[in-house]
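Student: I would like to work through this model from its surface to its interior. Can we take it one question at a time?

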Amino acid sequence: MPSPIPASIDATVELLKGGDYIADRSLATVLYLALKLGRPLFCEGEAGVGKTEIAKVLAKTLNRPLIRLQCYEGLDVASAVYEWNYARQMIEIRLAEAQGVHDRSEIAADIFNEKFLIRRPLLEALQPHVDGAPILLIDELDRTDEPFEAYLLEVLSDFQVTIPELGTVKAAETPIVIITSNRTREIHDALKRRCFYHWVDYPDLKRELEILKVKAPGSSERLSRQVVGFVQELRKLDLFKAPGVAESIDWATALSELNALDLDPKTINDTLGVLLKYQDDIQRLQGSEAAEILRQVKSDIAAQPLG
């Protein structure tokens, strides 16, 4: 049975926490309003800050099916919404002809019905589900092109799609829609107007420590504090790709697997490939710069211990 949507902002914070997602109050507020008012939530932010995870956690905590549309360049209606099963239609036509049926309108009526329709994510999200309205995740919308954005306008405003051969298919129950973008390009205002908006930023030090406590429980408090301090310093640098929260979790987990109790320059140099994804960034940090950042982090910890 699906769970009811949260009745307050505080309940939304607790709902996300129940799925091991540590959210700030601004995200909980806009998510609560989106759920309450039945509006799509458009989340922008750097890669790895937890945008996609919002939809996954909602599916888990609300006991709803998750339907994911992973966007990419060249995505079209056939891949995102529906297409006809042409092979089965051809077989049906041959069988009809073998039985002496030659009336084109009769054949067309037979082959253009729902049993020959292949539902892709957007159309599937509009169908009735025994577990309640699904969570529709439209992930990395910025990877698609503007014509597909334009197609989404009908879906996001009226929660319906038009199939020429069948007519308009409207959602029996409004799905919960989460749209994400890494902002590699700007999304058109017409689409944004149909959504509530939230910029998912990197967490502050305290919240990132809470995230590691939940997501990397094997990491000691001392090591987690050093990891978070080091990562937060890296985000101030002009790197090709700053590490996100996902990389912080991976690094803390990897260091725990190596039985590291304390960060040191050698361990950092050996494991930078877990934290950074571009060789130019790794080469820049290896050696003296990483050691200097670590020295500063440990100095800050000594000066301002948490708790």
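Student: How much area does the chain expose, and what share of it do carbon and sulfur atoms supply?
Tutor: Keep in mind that this is a predicted model. The area exposed by the chain is about 15,500 Å². The share of it supplied by carbon and sulfur atoms is 52%.

Student: What radius of gyration does the chain have, set against a compact globule of 307 residues?
Tutor: The C-alpha atoms fill a box of roughly 85 × 45 × 35 Å along the principal axes. A compact globule of 307 residues would have a radius of gyration near 19 Å. For the chain, the value is 24 Å.

Student: Of the contacts with a separation of 6 or more, what percentage joins residues 24 or more positions apart?
Tutor: The chain has 15 helices and 9 strands. Buried residues make up 46% of its 307 residues. Among contacts with a separation of 6 or more, the part that comes from residues 24 or more positions apart is 76%.

Student: Which element gives the largest share of the largest nonpolar core?
Tutor: This core has 32 residues, and those touching the most other members are Leu122, Ile138, Leu141, Ile179 and Leu191. Two or more residues come from each of β2, β3, α7, β5, α8, β6 and β8. The largest share is 4 residues, and the element that gives them is α8.

Student: Leaving aside neighbours within four places in sequence, which residues is Leu122 in contact with?
Tutor: Leu122 is one of the core residues that touch the most other members. With neighbours within four places left aside, its contacts are Leu69, Ala80, Val81, Leu136, Ile138, Phe148 and Leu152.

Student: How many residues are in the second, separate core?
Tutor: Its members include Val227, Ala260, Leu276 and Ala290. This core is separate from the one described above, and its residue count is 30.

Student: Why is Cys195 not bonded to Cys43?
Tutor: The structure holds 0 disulfides, and Cys43 is in none. Both cysteines count as buried, Cys43 because its relative accessibility is 0% and Cys195 because its value is 8%. A disulfide requires the two sulfur atoms to be within 2.5 Å. The closest cysteine sulfur to that of Cys195 is the one in Cys43, which is too far for a bond, at 9.6 Å.

Student: How many residues apart in sequence are the parts that Arg68 and Asp139 tie together?
Tutor: The side chains of Arg68 and Asp139 meet in a salt bridge, 2.7 Å from N to O. Arg68 is in strand β2 (residues 66-70) and Asp139 is in strand β5 (residues 135-139), so the pair ties together parts with a sequence separation of 71 residues.

Student: Between Arg68 and Asp139, is Asp139 buried or exposed?
Tutor: Arg68 has 37% relative accessibility and so counts as partly exposed. Asp139 has 3%. The cut-off for burial is under 20%, so Asp139 counts as buried.

Student: Where does Arg235, the salt-bridge partner of Glu208, lie?
Tutor: Glu208 and Arg235 meet through their side chains at 2.8 Å, N to O. Both count as buried, Glu208 with a relative accessible area of 0% and Arg235 at 16% relative accessibility. Glu208 is in helix α10 (residues 205-215), and Arg235, 27 residues apart from it, is in the loop between α11 (221-234) and α12 (245-257).

Student: Is Lys236, in its salt bridge with Glu233, buried or exposed?
Tutor: The closest N and O atoms of Glu233 and Lys236 are 3.0 Å apart. Glu233 is partly exposed at 22% relative accessibility. Lys236 has a relative accessibility of 63%, and therefore counts as exposed.

Student: Which residues are linked with Arg183 in a network of salt bridges?
Tutor: Arg183 lies in the loop between β8 (176-181) and α9 (189-192), and is partly exposed at 42%. A search of the whole structure finds 19 salt bridges. Those linked with Arg183 in the network are Glu44, Glu186 and Lys192.

Student: What is phi of Phe159?
Tutor: Phe159 is in the loop between α8 (146-158) and β6 (160-163), and is buried with a relative accessible area of 10%. Arg183, also not a glycine, has a positive phi near 60°. Phe159 is not a glycine either, yet its phi is positive, at about 50°.

Technical notes: Residues numbered from 1 in each chain as written. Predicted model: local features only at pLDDT ≥ 70, side-chain atom pairs only at ≥ 80, totals over all residues. Heavy atoms only, no water. Buried < 20%, exposed > 50% of the residue type's maximum accessible area, 1.4 Å probe, protein only. Salt bridge = Lys/Arg side-chain N within 4 Å of Asp/Glu carboxyl O. Core = buried A, V, L, I, M, F, W, Y, C linked by side-chain atoms within 4.5 Å. Contact = heavy atoms within 4.5 Å. Rg over C-alpha atoms; globule rule 2.2 N^0.38 Å. Areas by Shrake-Rupley, 256 points an atom, 1.4 Å probe, with all protein chains shown as cover.
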